[in-house]
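Trainee: I have a new model open and would like to learn how to read it. Could you take me through it feature by feature?

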Amino acid sequence: GQPLAPRRLSLKPVPKLPNMEAFLSQARVRVKKQAQGCLAPELCFQAVRAATQMAFADGVRRERELFMVLLSSGQARALQYAFLAERAAQRWTTAGGASWSSATPQPVRSAAVVGLGTMGRGIVTSLVKANIPVVALEQDLEYLNTGRKAVMLLLEREAMKMERGTQTLDFHNPAHLQFTVDFDSLRDVDLVIEAVFENMALKKEIFHKLSRICKPGALLCTNTSALNIDEIASATSRPQQVIGTHFFSPAHVMRLLEIIYGRHTSPTAIATAMQLAKALKKVGVVVGNCFGFVGNRMMFPYVQQAVFLLEEGSRPEAVDRVLEDFGLKIGPFRMSDLAGLDVGWRSRQGQGLTGPSVPAGTPARQRHGQRYSPLPDLLCESGRFGQKTGKGWYQYEKAGGRTATPDPWLHNLLAQYRDTHGIEPRFIDQEEILERCLFSLINEGFAILAEGIASGPEHLD
């Protein structure tokens, strides 16, 4: 028998906190920092602030205005495009005419990972999280024990995250995860992912072994970031079952999985790798075989331009800041330090671009008639491999540290380098940094499409 009006929440005033303005301005700073250029969190904050300052009806009206701004924004269109592009990537086709609509995947009931370095550990973690029983193999006991400790640490962290939800992670059960140095343990697995470092001779040796030991139907995957899939497959008696599965670092976090088919890879193998991506909650993208495939091939000219900018007068922190302000999650130099500078160095040594195999009399800043910067090689020769050694393009609090701070040693090296090569440093503005880095990415993307390495622009994006 009581009237409802006093109980209607929308008619009650919002309780005033004594330090409301200070609280809101602190919250805004935090939102801005976390949002990194994204409109929606910022406008959500404005809607909440309007609720504290206006009557209910006015607050709702304000919220609708803010929503309309988002609805018609470029960011909304970009997010819708990204959403649809991820789905388009599931509909793959190859240059030879195989496609998602006619290929049937094989079931993957068990898997193995060969090599427990940084990538192998992340891949094992991804498989365990997807409830796929894993055999983790390393070549000798010492490496196996180091790898085991690191994998267990990763899995414990993941288990803690999952316990906040409802799932549990059972990784102490040997039926779910076993560590071994014995290749014979791989006889019955449905799929093997090789994750040793980028060395063609080593990979071919492992694939030769796998093709002798694994059961006839097993899929043989290589986690390579640039090496030729056909050459790796040539070491086996079953090239139709060899496929590239290029995980991105850190492998248990990054959602992209680049799936590379060779000349002989069967449609079934591609469909199985795509099914695996789905089971691992990753976005699989099918691409053709060329040096660097799509992900790294686009990275080469992008990082190269960033290094040229250093030669001409910029600094790593300036280049990174411009690209991060533009909206990239991480700039090229922080990214290189995170991934490890030694990876690219080893690849350049393999290609004969640096080190003792470069012919005598080759100019320091030219290779095959093209401009080349030896700066990354100089860093590696000084043992600066990035976060793992505590020094790279930046310095870190310790080896394995995460906090990048500008390094006076590097600024010194740049000054000496410019003197040595007679380069007059100049001021480089934000616009030039953005255009040179991004246009080189875009141009390489068009070249990849023109060569048919990717079947559509959505796959690239």
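Mentor: Happily! Let's begin with domains: their bounds come from an automatic or database domain assignment. Keep in mind that this is a predicted model.

Trainee: Which domains does the assignment give for the chain?

Mentor: Domain 1 covers 5–72, domain 2 covers 111–289, and domain 3 is made of 295–356 + 365–459. The C-alpha centres of domain 1 and domain 3 are 41 Å apart.

Trainee: How many helices and strands are there in the chain?

Mentor: The chain has 17 helices and ten strands. Its C-alpha trace spans about 85 × 65 × 45 Å along the principal axes. Of the 461 residues, 46% count as buried. Among contacts with a separation of 6 or more, 66% are between residues 24 or more positions apart.

Trainee: What does UniProt list for residues 292–396?

Mentor: An unreviewed UniProt entry lists that span as "domain: 3-hydroxyacyl-CoA dehydrogenase C-terminal". In the model, residues 292–396 are 51% helix and 4% strand, and the end C-alpha atoms of the span lie 29 Å apart.

Trainee: Now for aromatic rings. By what is a pair of aromatic rings described?

Mentor: Two values do the job: the distance of the centres and the angle of the planes. A search of the whole structure turns up three aromatic pairs. In one of them, Phe333 and Trp393, the ring centres are 4.8 Å apart and the planes meet at 65°, so the pair is edge-to-face. The cut-off behind that name is a plane angle over 60 degrees.

Trainee: Where do Phe333 and Trp393 lie?

Mentor: Phe333 belongs to helix 12 (residues 332–339), while Trp393 is in the loop between helix 14 (375–381) and helix 15 (408–420), so the pair ties together parts that are 60 residues apart in sequence. Both Phe333 and Trp393 are buried.

Trainee: And how do the planes of Trp345 and Phe385 sit?

Mentor: Their planes are at 45° with the ring centres 6.0 Å apart, so this pair is tilted. Trp345 is part of helix 13 (residues 341–350) and Phe385 sits in the loop between helix 14 and helix 15, so the pair ties together parts that are 40 residues apart in sequence. Trp345 counts as buried because its relative accessibility is 17%, and buried means under 20%.

Trainee: Rings can have charges over them too. Which ring does the charged end of Arg87 sit over?

Mentor: That would be the ring of Phe83, with the charged end of Arg87 3.8 Å from the ring centre. Another case is Arg346, which lies over the face of Phe197 at 4.7 Å from the ring centre.

Trainee: How should I think about the sides of a helix?

Mentor: An α-helix has 3.6 residues a turn, so residues three or four places apart point the same way. For a case here, take helix 11 (residues 316–326): its buried residues are Pro316, Glu317, Val319, Asp320, Val322 and Leu323. These buried residues pack against helix 10 (295–312), helix 12, helix 15 and helix 16 (430–450). Just after helix 11, Gly327 takes a positive phi of about 135°.

Trainee: Let's try single residues. Is Asn223 buried or exposed?

Mentor: Asn223 is buried, with a relative accessible area of 7%. Its place is in the loop between strand 5 (219–222) and helix 8 (229–233). A polar atom of the Asn223 side chain lies 2.9 Å from the backbone nitrogen of Phe247. Leaving aside neighbours within four places in sequence, Asn223 is in contact with residues including Met119, Ile123, Lys203 and His246.

Trainee: What joins the side chains of Glu158 and Lys129?

Mentor: A polar contact of 2.7 Å. Glu158 lies in helix 6 (residues 141–163) and is buried, with a relative accessible area of 6%. Not counting residues up to four places away in sequence, Glu158 touches Thr125, Lys129, Leu169 and His252.

Trainee: One last residue: where does Ser110 lie?

Mentor: Ser110 is in the loop between helix 4 (74–88) and strand 1 (111–114). At 18% relative accessibility, Ser110 counts as buried. Beyond residues up to four places away in sequence, Ser110 touches Ile132, Pro133, Asp188, Val189, Asp190 and Leu191. Ser110 and Leu70 are 40 residues apart along the chain, and their C-alpha atoms are separated by 45 Å.

Technical notes:
Residues are numbered from 1 along each chain as its sequence is written. This is a predicted model: local features need pLDDT of at least 70, side-chain atom pairs count only at pLDDT 80 or more; totals for chains, interfaces and linings use all residues. Side-chain values use heavy atoms; hydrogens and water are left out. Rings of Phe, Tyr and Trp (its six-membered ring) pair if their centres lie within 6.5 Å; planes under 30 degrees apart count as stacked, over 60 as edge-to-face and the rest as tilted. Helices (H or I, at least four residues) and strands (E, at least two) are DSSP runs, numbered from the N terminus. Buried means under 20% relative accessible area, exposed over 50%, partly exposed in between (1.4 Å probe, protein chains only). A charge sits over a ring if NZ of Lys or CZ of Arg is within 6 Å of the ring centre and within 35 degrees of the ring normal. Contact means heavy atoms within 4.5 Å. UniProt positions are given in the numbering used here, feature names are shortened, and annotations may be inferred rather than shown by experiment. A polar contact is a pair of N or O atoms within 3.5 Å; within protein, one must be able to donate a hydrogen and the other to accept it, and residues adjacent in sequence count only if both atoms are side-chain atoms.
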